Amino acid sequence: MTKTLRFAPSPTGYLHIGNARPALWNWLLAKQAGGTFILRLDDTDRERSTEAYADAISEDLAWLGIRPDRFERQSDRIGRYAEAFASLKAAGLVYPAYETPDELDRKRKRLQARGLPPVYDRAALTLSAEERAALEAQGRKPHWRFRLSGEPVTWDDGVRGPVRIETSALSDPVLVREDGTVLYTFASVVDDIEMGVTDVVRGEDHVANTGVQIELFRALGAIPPRFAHHNLIVAATGEEMSKRKGTLTLRSLREAGAEPTAVASVAVLAGTSNPVRPLQRLEELTDLIALDQLSRAPTKFDPAEIMNLTAKTLHEMPYAAVQQRLAALGLPETQAEAFWLAIRGNLTTLGDAAAWRDRVFGAAAGEITDPAYVAMATGLLPQEPWDAATWRGWTEAVKLASGRKGKALYMPLRQAITGLDHGPELAALLPLMGRAKVLARLRGRSA
């Protein structure tokens, strides 16, 4: 059977790295198996879902390198949920409940005060037809709950192994709100059935929900997909990631200059038996992942790890992989590759390349810290043509003439030519800059 996996975010905020984990795992496992990956927007929350966030989800996934094979919106499928709900209602598996949110909250608090789990008491099941009619006459509209069996639900989890959920310890889930909108628990099951989803990989915070959904799959006459619940990526403080809490987003990481493969490496490999590593292509991860590699313990996320990995990724990046992105710098076409190979080892983010372009090709001035020495060295500057051996030949001549060596030999020349005391090898920079520019800077002029 062909594998079909999905990622079903709600367009109610920007994706963060905790969301990237299931998105990438599902996409990679689908690619690994030659299967299908579906992006399915859980956009039935009319108040909080926005088109701007929907667009942002697609943009962020594309930035990571994820291109869905299929795109769906739950808001386009309202009729299908109504049909599925009607079948549950006909089978007597759902019931109307009339408590307000405040009344439910008071019930929960009373139970918690007594040290009891805040499980719904099924009071709605005891209402007579007359009592229901009286409540509706007051203007109350029911929400609809699915009646759990009370029996244990078991499955063999792809990460956790054998799992058992006691549905007797859970509240009957609300499937349909008072306003007729459906909740994720129900819509997701209907979608998974009709879209042929074979495997669901998601965070361990969904384990109890999976027990509920397995009962829903069976109530709708379907075989549940295979479930796997990965460990969560949490903030450095140990706090769970949340779109509502302003957790560092994929968008903010991109704006900070993070490389998408660095984000993907952390999102996928952190907390597995495979160490996080620099990647040049997202597809490299397909050979590195297996669900049984995932740890059960939460993985703490430090943004500095992504930025460090970004630098390492750039240091190894071939020119072909960055050629299109460098085009915006307006580099001389014949020198662009040599420029990249010269500077990449000194980059923290790709944005730093613009500063090195200005240093190498612009009219920046150097810094003359030892005028007499620099003037003497200027007189020994060789004629063109220049190549990778020019720097060595020139500094050997300066060494013989001055008796200097080490930092005393090289640093005043570097500062005069680049204005900095650090940077790429001058052996690579000199041929790019040319004799006229280097000579002008050695003489203290902008060039």
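**Strand S9 and its partner**

I began with strand S9, residues 199-203, in this predicted model. Five of its five residues are buried, so the strand is largely enclosed by the rest of the structure. I then looked up what S9 pairs with. S9 is joined to strand S10, residues 226-230, by five bridges, and the two run parallel. For one cross-strand position I noted that Arg202 faces His229 in S10. Between the strands I entered helix H7, residues 207-219; S9, H7 and S10 together make a right-handed β-α-β unit.

**The parallel sheet S1-S2-S3**

Next I went to the sheet with the order S1-S2-S3. This is an open sheet of three strands, and its pairing is parallel. Which strands stand at the edges? They are S1 (4-7) and S3 (70-73); each has a single partner strand, so one side of each is left without a neighbour in the sheet. Averaged over neighbouring strands, with direction ignored, the turn of one against the next is 25 degrees.

I checked the S1 to S2 pairing separately. Four bridges join S1 to S2 (residues 36-41), running parallel. Thr4 has Thr36 in S2 as its bridge partner. Helix H1, residues 17-32, packs on this sheet and touches S1 and S2. I recorded about 160 degrees between the direction of H1 and that of S1.

**The antiparallel sheet S4-S5-S8**

The next sheet I looked up is also open and has three strands, in the order S4-S5-S8, but its pairing is antiparallel. S4 (94-97) and S8 (174-176) are the edge strands, and since each has a single partner strand, one side of each lacks a neighbour in the sheet. Here the average turn between neighbouring strands is 45 degrees, direction ignored.

S5, residues 143-146, pairs with S8 over two bridges in the antiparallel sense. Arg145 stands opposite Val174 in S8. I followed Arg145 a step further and found that it lies over the face of Tyr120, at 3.8 Å from the ring centre. Helix H3, residues 78-90, lies across S4, S5 and S8 and runs at about 95 degrees to S4.

**Aromatic pairs**

How many aromatic pairs does the structure hold? I have six entered, and I wrote up two.

The first entry is Tyr14 with Tyr53. Their ring centres are 5.1 Å apart and their planes stand at 85 degrees, so I logged the pair as edge-to-face; the cut-off for that class is over 60 degrees. Tyr14 is in the loop between S1 and H1, while Tyr53 is in helix H2 (residues 51-64), so the pair ties together parts that are 39 residues apart in sequence. Are these two tyrosines buried, exposed or partly exposed? Tyr14 has 35% relative accessibility and counts as partly exposed. Tyr53, with a relative accessible area of 25%, is partly exposed as well.

The other entry is Trp391 with Trp394. Their ring centres are 5.7 Å apart with planes at 75 degrees, so this pair too is edge-to-face. Both residues sit in helix H15 (residues 390-402), and because they are three residues apart there, about one helical turn separates them. Both tryptophans are buried. I also noted that Trp391 and Trp394 form one aromatic cluster with Tyr410.

**Arg404 and Ala353**

I looked up a further charge over a ring, at Arg404. The charged end of Arg404 sits over the ring of Tyr373, 3.8 Å from its centre. I then took the distance from Arg404 to Ala353: 51 residues in sequence and 32 Å in space, C-alpha to C-alpha.

Ala353 itself lies in helix H13, residues 352-361. Its relative accessibility is 1%, so it counts as buried, the cut-off being under 20%. Leaving out residues up to four places away in sequence, Ala353 touches Leu326, Leu329, Phe339, Ile343 and Leu347.

**Thr310**

Last, I looked at Thr310, in helix H10 (residues 303-315). Is Thr310 buried or exposed? Its relative accessibility is 0%, so Thr310 counts as buried. With residues up to four places away in sequence not counted, its contacts are Gly257, Ala258, Glu259, Ala262, Thr348 and Thr349.

Definitions and conventions. Residues numbered from 1 in each chain as written. Predicted model: local features only at pLDDT ≥ 70, side-chain atom pairs only at ≥ 80, totals over all residues. Heavy atoms only, no water. Buried < 20%, exposed > 50% of the residue type's maximum accessible area, 1.4 Å probe, protein only. Contact = heavy atoms within 4.5 Å. Pairing = 2+ DSSP bridges. Axes fitted to C-alpha atoms, helices over the stretch in contact; angles between N-to-C directions. Right-handed = clockwise from strand over helix to strand, strands pointing away. Phe/Tyr/Trp six-rings, centres within 6.5 Å; stacked < 30°, edge-to-face > 60°. Lys NZ or Arg CZ within 6 Å of the ring centre and 35° of its normal.
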